[in-house]
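Work through the following exercises with the model open beside the text, and try each task before reading its solution.

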Amino acid sequence: MSRLIILARHGSVRQVNIQGPVTTIGRDPECDVQIDSLGVSRRHATIHWTGDRFVLTDLASFNGTFVNNERIWAHALQNGDAITMGECQLRFLYSSRALPGEDALRLVTRADDLHELHAGRERSDWAAFFRRGRATGSRSGAVAHHHR
């Protein structure tokens, strides 16, 4: 099961399961994942299942799409990748088993150990979780980037 954990700039957190072969992300109400933020284009990006991996593709958005602090046009996603669109932070999670919603939102641990669950984390941990994703940058050699 794959999902996005979305942290909006005002601090709200939500989890969205990725379903179907193509998931659209943007401000447009017709998008599968709607993000109401001016820094996000109406049709900002897609996540496409290729049969063996998920690929995030920027749709020529005005402000760009970033994964692990690097601008991308197409990127093979890996578990834990930190995605930035405008002022919105997203975390891509991939697991072969489904987690209850409250457990998925407790995945606020070290960025390199996403499966460890800690009860009792406060909402402020989300900001630290996403900052760690940006601060660590990309993992060398771990992800292939494809530029147009």
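**Exercise 1.** Decide whether N69 is buried or exposed, and describe its backbone and its place in the chain.

Solution. In this predicted model, N69 has a relative accessible area of 52%. The cut-off for an exposed residue is over 50%, and N69 is therefore exposed. As to its place, N69 belongs to the loop between β7 and β8. Turning to the backbone, the phi angle of N69 is near 75°, which is a positive value in a residue other than glycine.

**Exercise 2.** Carry out the analysis for A60, beginning with the question of where A60 lies.

Solution. A60 is found in the loop that runs between β6 (54-58) and β7. Its relative accessibility is 56%; since exposed means over 50%, A60 counts as exposed. Finally, phi of A60 is near 55°, again a positive value in a residue that is not glycine.

**Exercise 3.** Establish whether N68 counts as buried or exposed, and then find which side chain is joined to that of N68 by a polar contact.

Solution. Begin with the location: N68 sits in the loop between β7 (65-67) and β8 (70-72). Next, the relative accessibility of N68 is 5%, and because buried means under 20%, N68 counts as buried. For the contact, the side chains of N68 and D81 are joined by a polar contact of 2.9 Å, where the cut-off is within 3.5 Å. As a last step, consider R91, which is 23 residues from N68 along the chain, while the C-alpha atoms of N68 and R91 are separated by 9.8 Å.

Notes: Residues numbered from 1 in each chain as written. Predicted model: local features only at pLDDT ≥ 70, side-chain atom pairs only at ≥ 80, totals over all residues. Heavy atoms only, no water. Helix = DSSP H or I, 4+ residues; strand = E, 2+ residues; numbered from the N terminus. Buried < 20%, exposed > 50% of the residue type's maximum accessible area, 1.4 Å probe, protein only. Polar contact = N/O pair within 3.5 Å; in protein donor to acceptor, adjacent residues only side chain to side chain.
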